[in-house]
Amino acid sequence: MPQHAQNTRVCRDCDGFATAAITTGTRHADGSRATLRITCPACKGTGHTAPAALARTGR
């Protein structure tokens, strides 16, 4: 019998990719690139959102 995965809600703002690394264009002394880690403000870096009914009630 097939197993079913849980139906988790993916954030519509980041589409599940909650963290991105953005290069600044500068380099460190060792030659590696300087990057910034940015997280999605809507899901706060989780990649998932709560159902709207739970978000309204504050659960």
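Here is a short, friendly note on the structure above, going from the overall layout to a few residues to look at.

1. **What kind of model this is.** This is a predicted model, so please read every value below as computed from it. The protein contains 1 helix and 2 strands. If you trace the chain from the N terminus, the elements come in the order β-β-α.

2. **The overall picture.** Of the 59 residues in the protein, 12% are buried. The accessible surface is about 5,300 Å², and carbon and sulfur atoms account for 53% of that surface. How many of the contacts between residues at least 6 apart in sequence join residues at least 24 apart? The share is 46%.

3. **The two strands.** Start your tour at strand β1, residues 19-27, and strand β2, residues 33-39. In which sense do β1 and β2 pair? They are antiparallel, with 6 bridges between them. One facing pair to find on screen is Ala21 and Arg37, the latter in β2.

4. **The turn of the hairpin.** Between β1 and β2 the hairpin has 5 residues. One of the residues to look at here is Gly31, whose phi is positive, near 100°.

5. **Ile22 and its neighbours.** Ile22 belongs to strand β1. Leaving aside residues up to four places away in sequence, Ile22 touches Ala34, Thr35, Leu36 and Ile38. You can also compare Ile22 with Arg33: they are 11 residues apart in sequence, and their C-alpha atoms are 9.8 Å apart in space. Is Ile22 buried or exposed? The answer lies in between, because its relative accessible area is 45%, which makes Ile22 partly exposed.

6. **A nonpolar patch.** Ile22 also takes part in a nonpolar patch on the surface, together with Leu36 and Ile38. The accessible area of these three residues together is about 260 Å². Leu36 sits in strand β2. Its relative accessibility is 46%, so Leu36 counts as partly exposed.

7. **Cysteines without disulfides.** How many disulfides does the model have? The count is 0. Cys11 is in no disulfide, and the nearest cysteine sulfur, in Cys14, lies 3.7 Å away. For Cys43, the closest cysteine sulfur is that of Cys40, at 3.8 Å. Why is there no bond between these two? That distance is too far for one, because the two sulfur atoms of a disulfide must be within 2.5 Å.

8. **How covered these cysteines are.** Cys11 has a relative accessibility of 1%, so it counts as buried. Cys43 counts as buried too, because its relative accessibility is 7%. The cut-off to keep in mind is that buried means under 20%.

9. **Thr49, a loop residue.** Where does Thr49 lie? It is in the loop between β2 and α1, the helix of residues 52-57. Thr49 has 33% relative accessibility and therefore counts as partly exposed. Although Thr49 and Val10 are 39 residues apart along the chain, 6.1 Å separates their C-alpha atoms.

10. **What Thr49 touches.** Setting aside residues up to four places away in sequence, Thr49 touches Arg9, Val10, Cys11 and Cys43. Two of these will be familiar from the points on cysteines: Cys11, which is buried at 1% relative accessibility, and Cys43, which is buried at 7%. Try showing Thr49 with these neighbours on screen, and then follow the chain from Thr49 into α1.

Conventions
Residues numbered from 1 in each chain as written. Predicted model: local features only at pLDDT ≥ 70, side-chain atom pairs only at ≥ 80, totals over all residues. Heavy atoms only, no water. Pairing = 2+ DSSP bridges. Helix = DSSP H or I, 4+ residues; strand = E, 2+ residues; numbered from the N terminus. Buried < 20%, exposed > 50% of the residue type's maximum accessible area, 1.4 Å probe, protein only. Contact = heavy atoms within 4.5 Å. Areas by Shrake-Rupley, 256 points an atom, 1.4 Å probe, with all protein chains shown as cover. Patch = residues over 30% accessible without salt bridge, like charges linked within 9 Å, V, L, I, M, F, W, Y side chains within 5 Å. Salt bridge = Lys/Arg side-chain N within 4 Å of Asp/Glu carboxyl O.
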